[in-house]
Amino acid sequence: MSDKINIKQRKAYNLLRDDKNYFILYGGAGGGGKSWLGCEWLMQCAQNLPGTRWFVGRNNLKDSRESVSITFAKVAASYNFKDYRLTSDGIKFDSGSEIIFLDLTYYPMKDPMYERLGSKEFTGGWIEEAGEVHYLAFEVLKTRVGRHLNDVYGIPPKILITCNPKKNWLYKTFYKPWKEGKLKTPYAFIPALVQDNPFATKEYIEMLQNTNDNVTKQRLYFGNWEYDDDPSSLCDYDAICDVFTNEHVRPNGLPKLSADLAMKGRDRFVTGKAVGHVCTMILDKTYSPGKMIETDLRNAMIDHRVSRSNVIVDSDGLGAYLESYLTGIKEFHGGARALSDEYDNIKTQCAFKLAELINNRDFRIICTPEQEERIKEELALLKRANVDKDTRKKSLITKETMKATLNHSPDYLDMLIMLMIFELRKPLKGARAIVTEAD
Ligand SMILES: Nc1ncnc2c1ncn2[C@@H]1O[C@H](COP(=O)(O)OP(=O)(O)O)[C@@H](O)[C@H]1O
Ligand SMILES: [Mg+2]
């Protein structure tokens with residue numbers, strides 16, 4: 001071993017060994033020694049605490065197997081440690097301890113609540129490249145640690161999280177509160193840059209320094225979490241977070257309903273009720289047969305006192321059931337002409353309107369924490385297409401692109417976008433021209 005020391009890693013060890021910080025985020029940049037720390041920590045735990053069980057999770061099993069095995073072997077070799085063997089599921093130690101590779105891929109249809117992790121019991125573990133991991137995986141794993149010999153050894157449940165800057169749950173749970181001096185135990189964050197890592201090679205540092213892509217350089221070299229990942233985003237992330245706490249936005253006017261219908265292979269049937277700029281999620285089902293949708297919508301209109309002409313549904317849904325029963329509700333044709341020539345179609349115009357309200361802190365959504373996470377992810381995908389071609393009309397990235405990122409269709413986003421039809425000027429006359437009524 002050399003006499004070089006990565007001080008940030010030492011700090012991390014102090015937290016990993018104390019009895020008050022359970023969830024420790026390390027990194028937030030490239031090359032700060034994240035993967036090394038994860039492997040070294042688990043190697044020491046597994047070796048020194050015989051019989052214990054640890055996990056390493058990533059959003060892809062193949063990735064964790066490959067990258068973790070390589071780094072682990074490197075770390076072990078540096079200690080001349082040989083009392084372990086790699087298996088197909090993880091790493092087995094002669095001490096009887098085990099490190100298990102976990103696949104943290106999110107399967108919204110097959111396993112929306114990570115029930116597959118529900119029966120597992122660990123001493124502690126590590127979420128690697130956490131920026132790619134769904135926040136629910138973290139939530140569930142929090143309940144799975146501290147369950148294997150922790151009482152015998154008197155050690156608290158710990159999860160090490162390593163990541164690059166990412167404006168998702170990591171930003172909200174760790175970075176933002178940390179920056180504001182409000183991060184509290186059991187959560188902790190140690191920023192670690194490549195400059196903090198004396199083991200990083202000159203070539204590696206220069207590669208990060210000289211990258212042409214400014215976004216990558218800001219994130220990976222400077223560890224900048226605020227840097228807008230994508231200049232094509234319509235809403236900034238703070239504004240998206242504020243949507244759920246904008247209590248100054250007061251309800252006013254007649255209630256409107258917007259429903260994205262779970263038909264033709266869609267994921268969810270979601271309905272929001274808006275009173276002025278306050279939208280409350282009132283229906284959210286993963287699967288609904290057509291007849292049920294009709295009954296649910298009809299009851300929602302009665303319960304929430306919403307008139308037919310103040311209801312908008314997506315155009316896929318009306319076909320078989322709604323058309324004949326719910327006369328007078330409006331059908332949204334996103335591809336129809338916009339009211340203004342600036343936009344390529346009405347859906348784009350509605351989306352820009354939504355972004356405007358969100359950025360002006362003039363929109364509020366009331367929903368569950370689970371819905372909030374999902375809605376945030378979807379709002380972050382509100383992006384302009386062809387941002388560099390200023391001659392074109394304003395347009396959005398395609399739904400296919402969104403689906404590829406989310407692994408599901410942007411149902412909440414579609415619902416919110418449709419709602420904006422009531423916001424565009426001269427909604428009634430305009431709406432007649434751009435939406436067909438279902439009668
Ligand atoms: N404590 C350490 N001792 C020896 N080498 C280290 C140590 N920490 C990091 N390194 C080396 O520094 C480089 C970057 O570390 P790595 O863990 O891959 O960073 P990250 O995962 O944050 O991008 C790697 O070559 C790694 O082997
Ligand atoms: Mg790494």
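**Exercise 1.** How far from an oxygen atom of ligand 1 does a backbone N or O atom of glycine 32 lie?

*Solution.* The model is a predicted one. Begin with the backbone of glycine 32: one of its N or O atoms lies 3.1 Å from an oxygen atom of ligand 1. Next, take glycine 31, where a backbone N or O atom is found 2.9 Å from a ligand 1 oxygen. Then turn to side chains: for asparagine 197, a side-chain N or O atom is 3.0 Å from an oxygen atom of ligand 1. Ligand 1 taken alone exposes 550 Å², and the protein buries 77% of that area.

**Exercise 2.** Determine which residues surround ligand 1, and describe the character and origin of this shell.

*Solution.* First, list the residues around the ligand: Gln9, Gly31, Gly32, Gly33, Lys34, Ser35, Trp36, Lys74, Asn197 and Phe199. Second, sort them by class, which gives two nonpolar, six polar and two charged residues. Third, assign them to secondary structure: helix H2, residues 34-48, supplies the largest share of the shell, with three residues. Finally, consider the space that ligand 1 takes, which is the second largest pocket.

**Exercise 3.** Describe the protein that holds this site: how many helices and strands does the secondary structure comprise?

*Solution.* Counting the elements gives 16 helices and 15 strands. For the overall dimensions, the C-alpha trace spans about 75 × 45 × 35 Å along its principal axes. For burial, apply the cut-off of under 20% relative accessible area; by this criterion, 52% of the 439 residues count as buried.

Methods
Residues numbered from 1 in each chain as written. Chains lettered and ligands numbered in written order. Predicted model: local features only at pLDDT ≥ 70, side-chain atom pairs only at ≥ 80, totals over all residues. Heavy atoms only, no water. Near = heavy atom within 4 Å. Polar contact = N/O pair within 3.5 Å; in protein donor to acceptor, adjacent residues only side chain to side chain. Areas by Shrake-Rupley, 256 points an atom, 1.4 Å probe, with all protein chains shown as cover. 1 Å grid on protein atoms, 1.4 Å probe; cavity = no way out; pocket = protein on both sides within 12 Å on 5 of 7 lines; lining within 4 Å. Sits in = over half its atoms within 2 Å of the grid points. Helix = DSSP H or I, 4+ residues; strand = E, 2+ residues; numbered from the N terminus. Nonpolar A, V, L, I, M, F, W, Y, C, P; charged D, E, K, R; others polar. Buried < 20%, exposed > 50% of the residue type's maximum accessible area, 1.4 Å probe, protein only.
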